[in-house]
Amino acid sequence: MQNKSSSTRDEILRLLKFKKRLTVIELANELGITEMAVRRHLNTLERDLYIQSTLVRQAIGRPIHVYQLSAKGEELFPRNYKSVTLEFLEDIHKMGGQEMIHQLFQNRLDRLTKRYDDRLKNKTFEEKIKELASIQNENGYMAEIEQKDDDVFYINEFNCPISEVAEHYEQACACELQLFKDVLKTDVTACSCLAKGDDYCRYEVKKPSENRKK
């Protein structure tokens, strides 16, 4: 069960979703609580990056802060991206067949490879694998690095933002595996996969032979 503070913060988020921009006074009137209590909740939400404020000057009196949802706050509300993406892929498949689906994922692979290469260039292998995990985390994969020994690492991903796509189109997983191989320039093996019912995605990464200890 949510505590009162959590439910009040949820209500503030809901009000900002409906009314877009509100002041402290307006929120206090809507919620039936004091302005001081509203400010306390707003401070927490702004600290956690769910809302943002703008200082608005008035014709008379001091400037006031107006609050609205941030991009992160907007993501708290239901979206239908996954089903729409699947519907688009199904339509493309019907119109262009398997070859067009393959080309779509190849285009994505090329685009991501270039983007990741820009982040990984001029780094050691150990720095590259850490940066790769960082990029994956920025994209919502909840990735962590596990080191088996000097020459073998594992990338574990506990969330897959494209899992529903991957369940229908195996090219999605193949694309990610190839991406890791290309940007790390070494052997990478997929050991487990969320889309196939495993607990998490796990990739074994072997350090390039030229970087191994003699």
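The following exchange goes through a predicted model and asks what supports each label put on it.

Me: Why is V152 called buried?
Reply: Buried means under 20% relative accessible area, and V152 has 12%, so V152 is buried. The residue is found in strand 4 (residues 152–157).

Me: Which residues is V152 in contact with, leaving aside its neighbours within four places in sequence?
Reply: They are Q147, E204, V205 and K206. Contact here means heavy atoms within 4.5 Å. As for P208, 56 residues from V152 along the chain, the two C-alpha atoms are separated by 9.7 Å.

Me: Why is L49 called exposed?
Reply: The label exposed needs over 50% relative accessible area. L49 has 55%, and therefore counts as exposed. Its place is the loop between helix 3 (35–47) and strand 1 (51–56). L49 also has a positive phi of about 70 degrees, although it is not a glycine.

Me: What makes K185 exposed?
Reply: The cut-off is again over 50%; K185 has a relative accessible area of 52%, so K185 is exposed. K185 is found in the loop between helix 8 and strand 5. Its phi is positive, about 55 degrees, and K185 is not a glycine either.

Me: Why is S134 called partly exposed?
Reply: Buried means under 20% and exposed means over 50%, with partly exposed in between. S134 has 27%, so S134 is partly exposed. The residue lies in helix 6. Between S134 and G73, 61 residues apart along the chain, the C-alpha separation is 22 Å.

Me: How do you know that strand 3 and strand 4 pair?
Reply: Two strands pair if DSSP finds at least two bridges between them. Strand 3 and strand 4 have five bridges, in the antiparallel sense, so they count as paired. One of the partnerships is that of E144 with N156 in strand 4. The two strands form a hairpin with four residues between them.

Me: How do you know that strand 5 and strand 6 pair?
Reply: At least two bridges are needed, and four bridges join strand 5 to strand 6, so the pair qualifies. These strands run antiparallel. V188 stands opposite V205 in strand 6.

Me: What is the order of the four strands in the open sheet, and why are strand 3 and strand 5 said to stand at the edges?
Reply: The order is 3-4-6-5, with antiparallel pairing. Strand 3 (143–147) and strand 5 (188–192) each have a single partner strand, so one side of each is left without a neighbour in the sheet. From one strand to the next, the twist averages 25 degrees.

Me: Which strands do helix 6 and helix 8 lie across?
Reply: Helix 6 (residues 125–138) lies across strand 3, strand 4 and strand 6, and runs at about 5 degrees to strand 4. Helix 8 lies across strand 4, strand 5 and strand 6, and runs at about 145 degrees to strand 5.

Me: What makes a set of grid points a cavity, and how many cavities of 30 Å³ or more does the whole structure have?
Reply: In a cavity a 1.4 Å probe fits but cannot get out. A search of the whole structure finds one of 30 Å³ or more. The largest cavity has a volume of about 60 Å³. Its lining includes C160, A172, C193 and Y203. Helix 8 (171–184) and strand 6 (201–206) each give two or more residues to this lining, and helix 8 gives the most, with three. By class, the lining has ten nonpolar, no polar and two charged residues.

Me: What makes a pocket, and what lines the largest pocket?
Reply: A pocket is an open set of points with protein on both sides within 12 Å along at least five of seven lines. The largest pocket has a volume of about 630 Å³. It is lined by 22 residues, and R108, L112, Y141, P161 and I162 lie nearest its centre. Helix 5 (81–120), helix 7 (163–168) and helix 8 each give two or more residues to the lining. Helix 5 gives the most, with twelve. The lining divides into twelve nonpolar, four polar and six charged residues.

Notes. Residues are numbered from 1 along each chain as its sequence is written. This is a predicted model: local features need pLDDT of at least 70, side-chain atom pairs count only at pLDDT 80 or more; totals for chains, interfaces and linings use all residues. Side-chain values use heavy atoms; hydrogens and water are left out. On a 1 Å grid over the protein atoms alone, a cavity is a set of points where a 1.4 Å probe fits but cannot get out, and a pocket is an open set with protein on both sides within 12 Å along at least five of seven lines; lining residues have an atom within 4 Å of a point. Grid points are joined across faces, edges and corners, and a volume is the space filled by probe spheres set on the points. Ala, Val, Leu, Ile, Met, Phe, Trp, Tyr, Cys and Pro count as nonpolar, Asp, Glu, Lys and Arg as charged, and the others, Gly among them, as polar. Buried means under 20% relative accessible area, exposed over 50%, partly exposed in between (1.4 Å probe, protein chains only). Axes are lines fitted to C-alpha atoms, for helices over the stretch in contact, and angles run from 0 to 180 degrees between N-to-C directions.
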